[in-house]
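Trainee: I'm new to this one and would like to look closely at a single part rather than skim the whole thing. Could you pick one helix and walk me through its surroundings?

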Amino acid sequence: MAPEDIKKLRQELGCTARELAGALGIEQETVLAWERGDLFPTKRFVGMMEELRRKGPEAIPRKKKKQANASPLQVLADPELWRLFRKLLSHPELRSAALKLADAYPDPTDTPPA
């Protein structure tokens, strides 16, 4: 696989070198070295990249970007919040553990508005 093939793959997958490296279980610098032509991927990694190409952009694990100062309505619209809420309702032992963990955090209603 030539350096331009790796760049094209990243373009097809819409991912960064770091994200591709994460999907392959290697360091970002290795992917960058492949793209520069300083190193070349082994057959194993070529096969893994072909599999990623076949699966498409969904195959690349991505970190969710933090929402800076999300409004309360944006937070309530988050499906993960409701997934957590359903679990808290369904599992008393989880609810108990969450309450113990929450004790270490301040309650936002205790802080006067700015």
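Mentor: Sure, let's take helix H3. Its buried residues are Val 31, Ala 33, Trp 34 and Glu 35. Keep in mind as we go that this is a predicted model. H3 covers residues 28-36, and its buried residues pack against H1, helix H2 (17-24) and helix H4 (43-55).

Let's follow one of those partners, H1, which runs over residues 3-13. The axes of H1 and H3 are 6 Å apart, and the two helices pack at an angle of about 125 degrees. That angle falls outside both the 65 to 115 range for roughly perpendicular and the over-145 range for roughly antiparallel, so H1 and H3 count as oblique to each other.

Now for the residues that do the touching. On the H1 side you'll find Pro 3, Ile 6, Lys 7 and Arg 10, and on the H3 side Val 31, Trp 34 and Glu 35. Sorted by class, this contact has four nonpolar residues and three charged ones, with no polar residues. If the spacing of the numbers catches your eye, here's some background: an α-helix has 3.6 residues a turn, so residues three or four places apart point the same way.

Glu 35 deserves a stop of its own. This H3 residue has a relative accessible area of 9%, and because buried means under 20%, Glu 35 counts as buried. What does Glu 35 touch once its neighbours within four places in sequence are left aside? Its contacts are then Pro 3, Ile 6, Lys 7 and Arg 10, which are the H1 residues we just met at the contact with H3.

Just past the end of H3 sits Gly 37, with a positive phi of about 85 degrees.

Let's step back and put H3 in its setting. The protein chain has seven helices and zero strands, so reading along the sequence gives α-α-α-α-α-α-α. Its radius of gyration is 21 Å, well over the 13 Å that the globule rule gives for 114 residues, so the chain is more spread out than a compact globule. Along its principal axes, the C-alpha trace spans about 60 × 35 × 25 Å. Across the 114 residues, 18% count as buried, and the four we started with in H3, Val 31, Ala 33, Trp 34 and Glu 35, are among the buried ones. The accessible surface comes to about 9100 Å², with 59% of it belonging to carbon and sulfur atoms.

Terms used. Residues are numbered from 1 along each chain as its sequence is written. This is a predicted model: local features need pLDDT of at least 70, side-chain atom pairs count only at pLDDT 80 or more; totals for chains, interfaces and linings use all residues. Side-chain values use heavy atoms; hydrogens and water are left out. Axes are lines fitted to C-alpha atoms, for helices over the stretch in contact, and angles run from 0 to 180 degrees between N-to-C directions. Angles under 35 degrees count as roughly parallel, over 145 as roughly antiparallel, 65 to 115 as roughly perpendicular and the rest as oblique. Contact means heavy atoms within 4.5 Å. Ala, Val, Leu, Ile, Met, Phe, Trp, Tyr, Cys and Pro count as nonpolar, Asp, Glu, Lys and Arg as charged, and the others, Gly among them, as polar. Buried means under 20% relative accessible area, exposed over 50%, partly exposed in between (1.4 Å probe, protein chains only). The radius of gyration is taken over C-alpha atoms; the globule rule is 2.2 Å times the number of residues to the power 0.38. Accessible areas come from the Shrake-Rupley method with a 1.4 Å probe; for residues, only the protein chains shown count as cover.
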